[in-house]
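The following exercises are to be worked through with the sequence and the coordinates at hand. Each task is followed by a solution in steps.

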Amino acid sequence: MRLGPLQLVSNLFLSPLAGYTNLPFRLVVREIGGVGLCTTDLVNARSLIEKNPKAFKLIETSPADAPLAVQLFGSVPGEMRDAALYLESTGVHSIDINMGCPVRKVCKVGGGSAMMTELDKTSALVRGMIEAVKIPVTVKMRLGWDDNNLTAPDLARALEDVGVAAIFVHGRTREQGFGGTVNLAGIRKVVEAVKTIPVIGNGDIVTPEAAKKMFDETGCAGVSMGRGAFYDPWIFKRTLQYVQTGELPPEPSFDERVRVMNRHLDLMVEVFGEELGCRMFRKVAPWYSKRFGPCHEFNKKVVQVRTRAEFDEVLQNYIRWRKQFLDESGNLLPRFEPAPLIASFMREPASTTREHIPVPKGPVEVW
């Protein structure tokens, strides 16, 4: 797939997830394979041009972390333009403008989903960025502010006219947050609204089957995964194989999950230092354990680790404790296997009102 001048190895994208899609996780996903483009955490444009160390840490990268997009939010045209110019000078491959974040702190300053409510003002801001840089500029949006204001198709047309390289659309409104059912028909309307640029669908892609359904029912050119990648960092590789061959690869084994979890922690320590890296990993490890089977013994201990050695001890104790739930072959007994992951748009109608899955707070709280 092409994104402007960029040739990508696949049409599968890692979405920004505040506090989580940092350099260590991006490297984990890239090492497993299948992802075409990764995007950083949401970055405040003003913080970037003011050289805020926290903003610089959000865009930290390495030669193995390519191709890379940085996602910016802001509502001041000059700040967004200057931040884009700075990012281009650092070698970033693409810039994504956030118009999808539903978090109140982002919206109240005119960023995120609030940008979808003023088409002319938003188009002018985006045009200024595109005219200032040579790298691709893309936009991440939602279907609209609420069900009565589904502005995404109109906004997508307007942004295509000013030269964006692609549109990423999350199939929910700002009002929905991250709960409720993803609207595939709404994504399809955005696909149909534009003439030449690719539209990448997003929202609740937690399995390869969900990715294929989004492709089939929306006609989107690619799909982007955020929380689904944290449930399953292998989802890009598995989805690529499923879409290309029709064969659904099995979920990774427990041993493979443990191997990648350890690799993730090693990278967290390398990038953030042992103390901070381990502290940050307290909220990451439980994502891995969601597919371990019974995991309360692991979760209650891992949220207290301070060192790599403490983590190793917690893990080894958990592996011994977990044996009581295994059969003679070392597999989880059927009654202890985790329930299959099912996207909201693939559930029976009566069960689409499943519980709200909150986005982790992460650094958005200090922006």
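Does aspartate 154 count as buried, partly exposed or exposed? The model is predicted, and the accessibility is computed from it. Aspartate 154 has a relative accessibility of 40%. Buried requires under 20% and exposed over 50%. Aspartate 154 therefore counts as partly exposed, at 40%.

**Exercise 1. Describe the salt bridge between arginine 157 and aspartate 154 and place it in the fold.**

Step 1. The closest N and O atoms of arginine 157 and aspartate 154 are 2.4 Å apart. The cut-off for a salt bridge is 4 Å, and the pair forms one.

Step 2. Both residues belong to helix 7 (residues 152–162), where they are 3 residues apart, about one turn of the helix.

Step 3. An α-helix has 3.6 residues a turn, so residues three or four places apart point the same way.

Step 4. Arginine 157 is partly exposed, at 36% relative accessibility, and aspartate 154 is partly exposed as well, at 40%.

**Exercise 2. Set out the accessibility of the partners in the salt bridges of arginine 81 with aspartate 82 and of glutamate 251 with arginine 257.**

Step 1. Side chains of opposite charge can pair when their charged atoms come close.

Step 2. For arginine 81 and aspartate 82, the closest N and O atoms lie 3.5 Å apart. Arginine 81 has a relative accessible area of 33% and is partly exposed; aspartate 82, with 34%, is partly exposed too.

Step 3. For glutamate 251 and arginine 257, the closest N and O atoms lie 2.7 Å apart. Glutamate 251 is partly exposed, with a relative accessible area of 39%, whereas arginine 257 is buried, with 3%.

Step 4. To place these pairs in context, a search of the whole structure gives 21 salt bridges. A network of salt bridges links Arg26, Arg30 and Asp65.

**Exercise 3. Determine which residues of helix 11 are buried, and where they lie around its axis.**

Step 1. Helix 11 spans residues 235–245, and its buried residues are Ile235, Phe236, Arg238, Thr239 and Tyr242.

Step 2. These residues cover an arc of only 165° around the axis, so they lie on the same side of helix 11.

Step 3. The buried residues pack against several elements: strand 3 (12–14), helix 1 (23–32), helix 9 (208–218), strand 10 (222–225) and helix 10 (227–231).

Step 4. After helix 11 comes glycine 246, which has a positive phi, near 80°.

**Exercise 4. Examine the backbone at lysine 51, aspartate 204 and proline 67.**

Step 1. Lysine 51 is not a glycine, yet its phi is positive, about 60°. Lysine 51 sits in the loop between helix 2 (45–49) and helix 3. At 56% relative accessibility, lysine 51 is exposed.

Step 2. Aspartate 204, also not a glycine, has a positive phi of about 65°. The loop between strand 9 (199–202) and helix 9 holds aspartate 204. Aspartate 204 is buried, with a relative accessible area of 7%.

Step 3. The peptide bond from alanine 66 to proline 67 is cis, its omega being near -5°. Proline 67 belongs to the loop between helix 3 (53–58) and strand 5 (68–73).

**Exercise 5. Characterise the second largest pocket and the second largest cavity by volume and lining.**

Step 1. The second largest pocket holds about 470 Å³ of space. Its lining has 18 residues, and Pro252, Ser253, Phe254, Arg322 and Leu332 are those nearest the centre.

Step 2. Helix 12 (254–272) and helix 16 (308–322) each contribute at least two residues to this pocket's lining. Helix 12 contributes the most, with 3 residues.

Step 3. By class, the pocket lining comprises 8 nonpolar, 3 polar and 7 charged residues.

Step 4. Turning to the cavities, the structure holds 2 of 30 Å³ or more. The second largest cavity has a volume of about 40 Å³.

Step 5. The lining of the second largest cavity consists of Leu14, Ser15, Pro16, Thr39, Asp96, Lys140, Phe168 and Ser224. By class, this lining has 3 nonpolar, 3 polar and 2 charged residues.

Technical notes:
Residues are numbered from 1 along each chain as its sequence is written. This is a predicted model: local features need pLDDT of at least 70, side-chain atom pairs count only at pLDDT 80 or more; totals for chains, interfaces and linings use all residues. Side-chain values use heavy atoms; hydrogens and water are left out. A salt bridge is a side-chain nitrogen of Lys or Arg within 4 Å of a carboxyl oxygen of Asp or Glu. Buried means under 20% relative accessible area, exposed over 50%, partly exposed in between (1.4 Å probe, protein chains only). Helices (H or I, at least four residues) and strands (E, at least two) are DSSP runs, numbered from the N terminus. The arc is that of the directions from the helix axis to the C-beta atoms. Contact means heavy atoms within 4.5 Å. On a 1 Å grid over the protein atoms alone, a cavity is a set of points where a 1.4 Å probe fits but cannot get out, and a pocket is an open set with protein on both sides within 12 Å along at least five of seven lines; lining residues have an atom within 4 Å of a point. Grid points are joined across faces, edges and corners, and a volume is the space filled by probe spheres set on the points. Ala, Val, Leu, Ile, Met, Phe, Trp, Tyr, Cys and Pro count as nonpolar, Asp, Glu, Lys and Arg as charged, and the others, Gly among them, as polar.
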